[in-house]
Amino acid sequence: MTGICEGRVAIVTGAGRGLGREHALELARQGAKVVVNDLGTTLNGVVEASGPARDVVELIRAEGGEAVANGADVADFDQAAGLVRQAIETFGRLDVLVNNAGFVRDRMLVNTSEEEWDAVIRVHLKGHFAPLRHASEYWRSEAKAGRTHDARVD
Ligand SMILES: NC(=O)c1ccc[n+]([C@@H]2O[C@H](COP(=O)([O-])OP(=O)(O)OC[C@H]3O[C@@H](n4cnc5c(N)ncnc54)[C@H](O)[C@@H]3O)[C@@H](O)[C@H]2O)c1
């Protein structure tokens with residue numbers, strides 16, 4: 001595929017469904033090689049057995065693009081490191097990180113449980129920090145080695 005992202009490698013977290021899925025599909029249509037991350041949770045954060053990331057990868061490949069699936073929990077520090085490593089080992093570089101994974105619980109302040117609060121904060125804060133932390137370490141080491149990346153984080 002050719003487009004404005006030709007030659008670039010992108011990670012999209014939570015890309016098995018919804019907005020992340022659309023980000024991944026469009027990045028691939030624009031020529032990016034995409035790591036499609038999704039641990040496969042429902043809207044309420046419950047883990048599913050199926051693999052929505054794999055479905056998106058198959059769709060990208062059917063359209064002529066390049067993609068691989070990743071099932072990491074992005075709020076797990078080590079799994080997030082593995083996600084970044086997979087992009088670099090599979091496609092040789094990383095240029096774009098779309099921190100999309102997350103969920104909200106449909107609650108009001110008065111009936112939100114402590115567990116629900118912790119889960120939402122975890123996925124939206126640590127789930128953004130951990131992939132960015134590892135991606136930034138990679139970009140910093142690349143820059144120190146004289147290899148600059150026109151990196152983008154969303
Ligand atoms: N849809 C909206 O109107 C809206 C509005 C404001 C913000 N957002 C935010 O935008 C993002 C995408 O929203 P959406 O409506 O497309 O959500 P969605 O539920 O359709 O998709 C989110 C995906 O993230 C995945 N995910 C959840 N936790 C994960 C984790 N720890 N690691 C990896 N993957 C994980 C889920 O499995 C799911 O496939 C979310 O962060 C959401 O909070 C959405």
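Leaving aside its neighbours within four places in sequence, which residues is His23 in contact with? The answer is Val12, Val98 and Asn100. This is a predicted model, and the report below works from the overall fold to single residues and then to the ligand.

**Overall fold**

The protein has 4 helices and 5 strands. Read from the N terminus, the order of elements is β-α-β-α-β-α-β-α-β. The C-alpha trace spans about 50 × 35 × 25 Å along its principal axes. A compact globule of 154 residues would have a radius of gyration near 15 Å, and the protein has 16 Å, so the two agree.

Of the 154 residues, 43% count as buried. The protein exposes about 8,500 Å². Carbon and sulfur atoms supply 53% of that area. Take the contacts between residues at least 6 apart in sequence: 66% of them join residues at least 24 apart.

**His23 and Val36**

His23 sits in helix α1. Its relative accessibility is 33%, so His23 counts as partly exposed. The C-alpha atom of His23 is 18 Å from that of Gly51, and 28 residues separate the two along the chain.

Val36 belongs to strand β2. Is Val36 buried or exposed? Val36 counts as buried because its relative accessibility is 0%. Beyond its neighbours within four places in sequence, Val36 is in contact with Val12, Ala15, Ala24, Ala53, Val56, Val57, Ile60, Ala67, Val68, Ala69 and Asn70. Val12 is thus on the contact list of Val36 and also on that of His23. Glu66 is 30 residues from Val36 along the chain, and their C-alpha atoms are separated by 10 Å.

**Three loop residues**

Leu39 lies in the loop between β2 (33-37) and α2 (52-62). With a relative accessible area of 30%, Leu39 is partly exposed. Leu39 and Ala101 are 62 residues apart along the chain, and their C-alpha atoms are separated by 9.3 Å.

Asn99 is in the loop between β4 (96-98) and α4. Why does Asn99 count as buried? Its relative accessibility is 10%, and buried means under 20%. Not counting residues up to four places away in sequence, Asn99 touches Thr13, Gly127, His128, Pro131, Leu132, Val153 and Asp154.

His149 is placed in the loop between α4 and β5 (152-153). At 17% relative accessibility, His149 also falls under the 20% limit, and therefore counts as buried. Its side chain has two polar partners to look at. One is the backbone oxygen of Leu94, which lies 3.2 Å from a polar atom of the His149 side chain. The other is the side chain of Asp95, in polar contact with the side chain of His149 at 3.5 Å. Leu94 and Asp95 both appear among the residues that His149 touches, alongside Arg93, Tyr138, Trp139 and Glu142, with residues up to four places away in sequence not counted.

**The ligand site**

How many residues surround the ligand? The number is 19, and the closest are Arg17, Leu19, Asp38, Asp73 and Asn100. Asn100 is also one of the contacts of His23. The shell divides into 8 nonpolar, 8 polar and 3 charged residues. Helices α1 (18-29) and α4 (114-144) each supply at least two of its residues.

Three of these residues place an atom by a ligand oxygen, as the table shows.

| Residue | Protein atom | Distance to a ligand oxygen atom |
|---|---|---|
| Arg17 | polar side-chain atom | 2.7 Å |
| Leu19 | backbone N or O atom | 2.7 Å |
| Asp38 | side-chain N or O atom | 2.5 Å |

On its own, the ligand has 830 Å² of accessible area, and the protein covers 71% of it.

**In brief**

The site draws on helices α1 and α4, with a side-chain atom of Asp38 at 2.5 Å from a ligand oxygen. Val36 in β2 is buried at 0% relative accessibility. His149 is buried at 17% and has polar partners in the backbone oxygen of Leu94 and the side chain of Asp95.

Methods
Residues are numbered from 1 along each chain as its sequence is written. This is a predicted model: local features need pLDDT of at least 70, side-chain atom pairs count only at pLDDT 80 or more; totals for chains, interfaces and linings use all residues. Side-chain values use heavy atoms; hydrogens and water are left out. A residue is near a molecule or strand if one of its heavy atoms lies within 4 Å of it. A polar contact is a pair of N or O atoms within 3.5 Å; within protein, one must be able to donate a hydrogen and the other to accept it, and residues adjacent in sequence count only if both atoms are side-chain atoms. Accessible areas come from the Shrake-Rupley method with a 1.4 Å probe; for residues, only the protein chains shown count as cover. Ala, Val, Leu, Ile, Met, Phe, Trp, Tyr, Cys and Pro count as nonpolar, Asp, Glu, Lys and Arg as charged, and the others, Gly among them, as polar. The radius of gyration is taken over C-alpha atoms; the globule rule is 2.2 Å times the number of residues to the power 0.38. Buried means under 20% relative accessible area, exposed over 50%, partly exposed in between (1.4 Å probe, protein chains only). Contact means heavy atoms within 4.5 Å.
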